[in-house]
Number of protein chains: 2
Amino acid sequence: MLNNSQYIDKLRSSGLRPTKQRIKICEILFNSQKTFHFTINDLVEKISKATNDKISLATVYNTVHAFKKKGYLKEIPINSDQSYFDTNTSHHHHFYDESQKDLIDIDDADVEPVKINTKIPGKKIRSVEVLVKVEDIKS
Amino acid sequence: MLNNSQYIDKLRSSGLRPTKQRIKICEILFNSQKTFHFTINDLVEKISKATNDKISLATVYNTVHAFKKKGYLKEIPINSDQSYFDTNTSHHHHFYDESQKDLIDIDDADVEPVKINTKIPGKKIRSVEVLVKVEDIKS
DNA sequence: TCAACAGTTTAGAATTATTATAATGTAGAA
DNA sequence: TTCTACATTATAATAATTCTAAACTGTTGA
Ligand SMILES: [Mn+2]
Ligand SMILES: [Mn+2]
Ligand SMILES: [Zn+2]
Ligand SMILES: [Zn+2]
């Protein structure tokens, strides 16, 4: 969607230096029409397919965490050994296909707002996430 | 709540041999009035306080996974490095206090049923879980 | 009663995701 | 161009979890 100079602006305006590595990761994460879910490992593979210059694993972690902190990525709580990240930062919920180990967005229009009729004193709500685990019908 | 012979029956009827280690873990997990949440590490600490006989880490993992498979424990998807387990296997949702790293049950009466108006062909729903992340108001 | 077997436990090694370290490199300001 | 704070990197460290393979034990049925 955006070209490099737009990523550079985006990074600068976030207080992040537009380094080669961060721009490349922006291209991979934010160039596509569709949003998607990924693990750090997925991202490392995408990077190695997209470029000959390697980006170190530490930088991938650092960048993903920086983007998450800036709100450009969300981390999705799937109980798993690996963290799942989401380039779709709008409010939405997920199916998790346990047979295929696949995360699928649920269109927000398809979920009635979740009503919680209780609260915890001294705490404020940061997010409300619904995870619908599904599996093959036959199993 | 139950005494040892009841745990033995419970284990036997589940097809699990009632070994010393499993009975001890049953006592720790299911003897208390209130249900609770724990990590493997929490459980290991409880065991070492409750008995002089050590139970190896591998057995703790094996047993927790066996109990989960039998439906005596639930695993709660908090994105974290550690798995959280729940002795409350009835349908309910959670607050996760990000300031205190604390999991708190939400009484099921306090949550309106979550309505999902879409489905995935060939898949059936296994669970619907709501996670409400909260933090200190000041932060 | 007890031998035999399947299932279980165990210590320790292996694996995997993630984070820390500390040296080197670089973007941006002056 | 020079300087400096920030970023990247290779590598080591850490931490959760799983694997391995040998020793052990609950149960069964002769
Ligand atoms: Mn797990
Ligand atoms: Mn994390
Ligand atoms: Zn999503
Ligand atoms: Zn709970």
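**Note on the predicted model: DNA surfaces, zinc sites and two loop residues**

1. The surface near DNA strand C divides into 7 nonpolar, 8 polar and 6 charged residues. The model is predicted, and the remarks below should be read with that in mind. The residues around DNA strand C number 21, and those that come nearest are R12(A), Y61(A), T19(B), Q21(B) and R22(B). Of the atoms of DNA strand C that come within 4 Å of the protein, 77% belong to sugar and phosphate.

2. Three contacts to the phosphates of DNA strand C can be checked in the coordinates. In the side chain of R12(A), an N or O atom is 2.8 Å from a phosphate oxygen of this strand. Chain B contributes through its backbone: a polar backbone atom of S56(B) is 3.0 Å from a phosphate oxygen of DNA strand C, and for K54(B) a backbone N or O atom lies 3.5 Å from one.

3. As to secondary structure, the elements that each supply at least two residues of the surface near DNA strand C are α4 (57-70) of chain A, α2 (20-30) of chain B and α4 (57-70) of chain B. The helix that gives the most is α4(A), with 4 residues.

4. DNA strand D has 20 residues around it, of which T19(A), Q21(A), R22(A), T59(A) and Y61(B) come nearest. Sugar or phosphate accounts for 74% of the atoms of DNA strand D within 4 Å of the protein, and bases for the rest. By class, the residues of this surface are 7 nonpolar, 7 polar and 6 charged.

5. The phosphate contacts of DNA strand D include two that use side chains of chain A. An N or O atom in the side chain of R22(A) is 2.8 Å from a phosphate oxygen of DNA strand D, and a polar side-chain atom of T59(A) lies 2.9 Å from a phosphate oxygen of that strand. K54(A) takes part through its backbone, with a polar atom 3.5 Å from a phosphate oxygen of DNA strand D. Two or more residues of the surface near DNA strand D come from each of α2 (20-30) of chain A, α4 of chain A and α4 of chain B. The largest share, 4 residues, is that of α4(B).

6. In chain B, 3 strands make up an open antiparallel sheet with the order β1-β3-β2. β1 (37-38) and β2 (74-76) of chain B each have a single partner strand, so each has one side without a neighbour in the sheet. The antiparallel pair of β1(B) and β3 (residues 84-86) of chain B is joined by 2 bridges. Within that pair, D86(B) in β3(B) is the residue opposite H37(B).

7. H37(B) and D86(B) also belong to a metal site. The zinc ion (ligand 4) is coordinated by NE2 of H37(B), H92(B) and H94(B) and by OD of D86(B) and D105(B), at 1.9 to 2.2 Å. The spacing of these donors along the chain is H-x48-D-x5-H-x1-H-x10-D. H37(B) lies in strand β1 of chain B and H92(B) in the loop between β3 and β4 (93-97), so this pair ties together parts that are 55 residues apart in sequence. Both H37(B) and H92(B) are buried.

8. In chain A, the zinc ion (ligand 3) has as protein donors H37(A) (NE2), D86(A) (OD), H92(A) (NE2), H94(A) (NE2) and D105(A) (OD), at 1.9 to 2.2 Å. Their spacing along the chain is H-x48-D-x5-H-x1-H-x10-D. D86(A) is in strand β3 (residues 84-86) of chain A and D105(A) in strand β5 (residues 102-106), so the two tie together parts 19 residues apart in sequence. D86(A) is buried, at a relative accessible area of 0%, whereas D105(A) is partly exposed at 28%.

9. Two backbone angles deserve a remark. Most residues other than glycine have a negative phi. K101(A), not a glycine, has a positive phi of about 55°. K101(A) lies in the loop between β4 (93-97) and β5 of chain A and is exposed, with a relative accessible area of 54%. For K101(B), phi is likewise positive, near 55°. This residue is found in the loop between β4 and β5 (102-106) of chain B, and K101(B) is exposed, with a relative accessible area of 54%.

Note on methods: Residues are numbered from 1 along each chain as its sequence is written. Chains are lettered from A and ligands numbered from 1 in the order in which they are written. This is a predicted model: local features need pLDDT of at least 70, side-chain atom pairs count only at pLDDT 80 or more; totals for chains, interfaces and linings use all residues. Side-chain values use heavy atoms; hydrogens and water are left out. A residue is near a molecule or strand if one of its heavy atoms lies within 4 Å of it. A polar contact is a pair of N or O atoms within 3.5 Å; within protein, one must be able to donate a hydrogen and the other to accept it, and residues adjacent in sequence count only if both atoms are side-chain atoms. Ala, Val, Leu, Ile, Met, Phe, Trp, Tyr, Cys and Pro count as nonpolar, Asp, Glu, Lys and Arg as charged, and the others, Gly among them, as polar. Two strands pair if DSSP finds at least two bridges between them. Donors are N, O and S atoms within 2.8 Å of the metal (3.2 Å for Na, K and Ca); water is not among the atoms, so sites may look incomplete. Buried means under 20% relative accessible area, exposed over 50%, partly exposed in between (1.4 Å probe, protein chains only).
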